[in-house]
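Me: Hi! Could you walk me through a few spots in this model?
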Amino acid sequence: MKITEKNVVQQLLQQNEDALKFVVEKYGGTLKAVINRILYQYPQDAEECLYDCIMKIWQKVSLYNGKVTSFRNWTISVAKFTAIDRLRKIRCIEPAENIDDIQVSSYQDITEDKLFDEFFKELISDLSDEDKFIFTRLFWYGETIDEVAESTNRSKSVIYNRVSRGKKKIIHGLPDLFKGSDRYE
């Protein structure tokens with residue numbers, strides 16, 4: 001049976017190895033690019049991560065929901081989160097060459113990070129769930145408009161409009177202290 005984009009999920013569910021080959025041929029370059037963007041400092045781990053990602057796609061294809069996103073976007077998400085998990089592991093167990101090279105976050109750094117996290121959550125608290133998702137992806141994780149548009153199955157113009165309206169809503173919710181500046185009007 002010939003594997004196509006229309007039947008690849010069904011064939012993966014049936015554990016057809018040709019479907020997995022199709023995924024590697026069709027999406028492998030994109031998956032590798034996503035992983036390399038996250039693990040650029042660790043090229044040998046990026047290669048292993050790609051294999052892990054392909055195995056996750058093979059094993060977890062039953063979790064794919066075609067009503068939520070396209071199969072391509074789902075595979076990209078699997079790659080991204082697999083790479084992020086790998087990066088967390090690497091940074092947790094990476095040995096320091098010299099004891100003097102170990103950087104310990106000060107209490108002040110940790111407190112500032114936590115305060116910034118809480119401040120960001122408070123800023124977007126009045127937005128709709130979809131707008132919160134968009135703002136978090138754009139302004140917290142640093143994704144591009146194209147990436148957010150693709151992952152939400154919306155056009156770029158819709159994302160721009162939602163961001164514009166969301167910014168206005170946030171500005172109106174800011175304390176009077178900030179409203180005097182032209183920058184926030």
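Me: What phi does Asn 153 take, just after α7?
Reply: Asn 153 has a positive phi of about 55 degrees, just after α7. Helices here are DSSP runs of H or I, at least four residues, numbered from the N terminus. This is a predicted model, where local features need pLDDT of at least 70, side-chain atom pairs count only at pLDDT 80 or more, and totals for chains, interfaces and linings use all residues. Residues are numbered from 1 along each chain as its sequence is written, and side-chain values use heavy atoms, with hydrogens and water left out.

Me: Which residues of helix α7 are buried?
Reply: In α7 (residues 145-152) they are Ile 145, Val 148, Ala 149 and Thr 152. Buried means under 20% relative accessible area, with a 1.4 Å probe and protein chains only. Looking down the axis of α7, these residues fall within an arc of 100 degrees, so they line one face of the helix. The arc is taken from the directions from the helix axis to the C-beta atoms.

Me: And what do they pack against?
Reply: The buried residues of α7 pack against α6 (129-140) and α8 (156-173).

Me: Switching topic: is Arg 86 buried or exposed?
Reply: Arg 86 counts as buried because its relative accessibility is 13%. Arg 86 lies in helix α4 (residues 71-93).

Me: What is Arg 86 in contact with?
Reply: Leaving aside neighbours within four places in sequence, Arg 86 is in contact with Leu 39, Asp 45, Glu 48, Cys 49 and Asp 52. Contact means heavy atoms within 4.5 Å.

How values were computed. Buried means under 20% relative accessible area, exposed over 50%, partly exposed in between (1.4 Å probe, protein chains only). Helices (H or I, at least four residues) and strands (E, at least two) are DSSP runs, numbered from the N terminus.
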